[in-house]
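Here is a walk through one protein model. Keep the sequence beside you and follow each stop in the 3D view.

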Amino acid sequence: MITNCLRNPSTNAVPRDERSHRDERDRLQAALRHQLGQQLDALHAPDTAARADQLNALNQDLTRRLEEAASENATFRARITALEEDLIAARTSLRRMIRTENTAR
């Protein structure tokens, strides 16, 4: 009802003062939200920086552990290759021994 009284009856449009007040209200609300967001960011900035430092330290530790694991992996692969070669040589030697034993009989 009240808004109907404020409207211009001939055009049924919102009066200029009411529009300017709404625009001003919207502008002030946006500015207030922006300022509040900046204040919240400032409050959490130290926490964010500390968390970033923690994550960087963790990342460095994990990178170091990955490099160590990769080095161990390379060492184990070389050992496996050497053991496989020894196994092949032992099998070949065993076959020769069996053949020699069988032909001597």
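Start at Leu 40, which lies in helix α2. That helix covers residues 16-104. The model you are looking at is predicted. Is Leu 40 buried, exposed or partly exposed? Its relative accessible area is 40%. The partly exposed class lies between 20% and 50%, so Leu 40 counts as partly exposed.

Leu 40 has partners at the surface. Together with Leu 36 and Leu 43, Leu 40 forms a nonpolar patch there. The three leucines add up to about 300 Å² of accessible area.

Now step back to the whole protein. It has two helices and zero strands. How much of the protein counts as buried? Of its 105 residues, the figure is 2%. The protein exposes about 9,800 Å². Carbon and sulfur atoms supply 57% of that area.

Glu 18 takes us to a buried position. This residue also has its place in helix α2. Its relative accessibility is 17%. Buried means under 20%, so Glu 18 counts as buried. What does the side chain of Glu 18 contact? It makes a polar contact with the side chain of Arg 22, at 2.6 Å.

Charged pairs come next. Side chains of opposite charge can pair when their charged atoms come close. How many salt bridges does the structure hold? There are six. One to find is between Arg 25 and Asp 26. The closest N and O atoms of this pair are 3.1 Å apart. Both residues are partly exposed: Arg 25 has 45% relative accessibility, and Asp 26 has a relative accessible area of 37%.

Move along to Asp 61. Its side chain meets that of Arg 64 in a salt bridge, with 2.5 Å from N to O. Why can these two be matched along the helix? Asp 61 and Arg 64 are three residues apart in helix α2, so about one helical turn separates them. Asp 61 counts as partly exposed at 26% relative accessibility. Arg 64 is partly exposed too, with a relative accessible area of 40%.

Asp 61 has another salt bridge, this time with Arg 65. Here the N to O distance is 3.9 Å. A salt bridge requires the nitrogen to lie within 4 Å of the oxygen, so the 3.9 Å pair qualifies. Arg 65 and Asp 61 sit four residues apart in helix α2, and about one helical turn lies between them. Arg 65 is partly exposed, with a relative accessible area of 46%.

These pairs belong to a wider group. Which residues are linked in the network of salt bridges? They are Asp 61, Arg 64, Arg 65 and Glu 68.

Finish at a group of arginines. Arg 91, Arg 95, Arg 96 and Arg 99 form a positive patch on the surface. Pick out Arg 99, whose place is in helix α2. Its relative accessible area is 54%. Exposed means over 50%, so Arg 99 counts as exposed.

Look back over the stops in helix α2. Leu 40 is partly exposed there, Glu 18 is buried, and Arg 99 is exposed. A nonpolar patch holds Leu 40, while a positive patch holds Arg 99.

Key
Residues are numbered from 1 along each chain as its sequence is written. This is a predicted model: local features need pLDDT of at least 70, side-chain atom pairs count only at pLDDT 80 or more; totals for chains, interfaces and linings use all residues. Side-chain values use heavy atoms; hydrogens and water are left out. Patches are made of residues with over 30% relative accessible area and no salt bridge: like charges are joined within 9 Å, nonpolar side chains (Val, Leu, Ile, Met, Phe, Trp, Tyr) within 5 Å. Accessible areas come from the Shrake-Rupley method with a 1.4 Å probe; for residues, only the protein chains shown count as cover. Buried means under 20% relative accessible area, exposed over 50%, partly exposed in between (1.4 Å probe, protein chains only). A polar contact is a pair of N or O atoms within 3.5 Å; within protein, one must be able to donate a hydrogen and the other to accept it, and residues adjacent in sequence count only if both atoms are side-chain atoms. Lys and Arg count as positive and Asp and Glu as negative; His and the chain ends are not counted. The place of a charge is taken as NZ of Lys, CZ of Arg, CG of Asp or CD of Glu.
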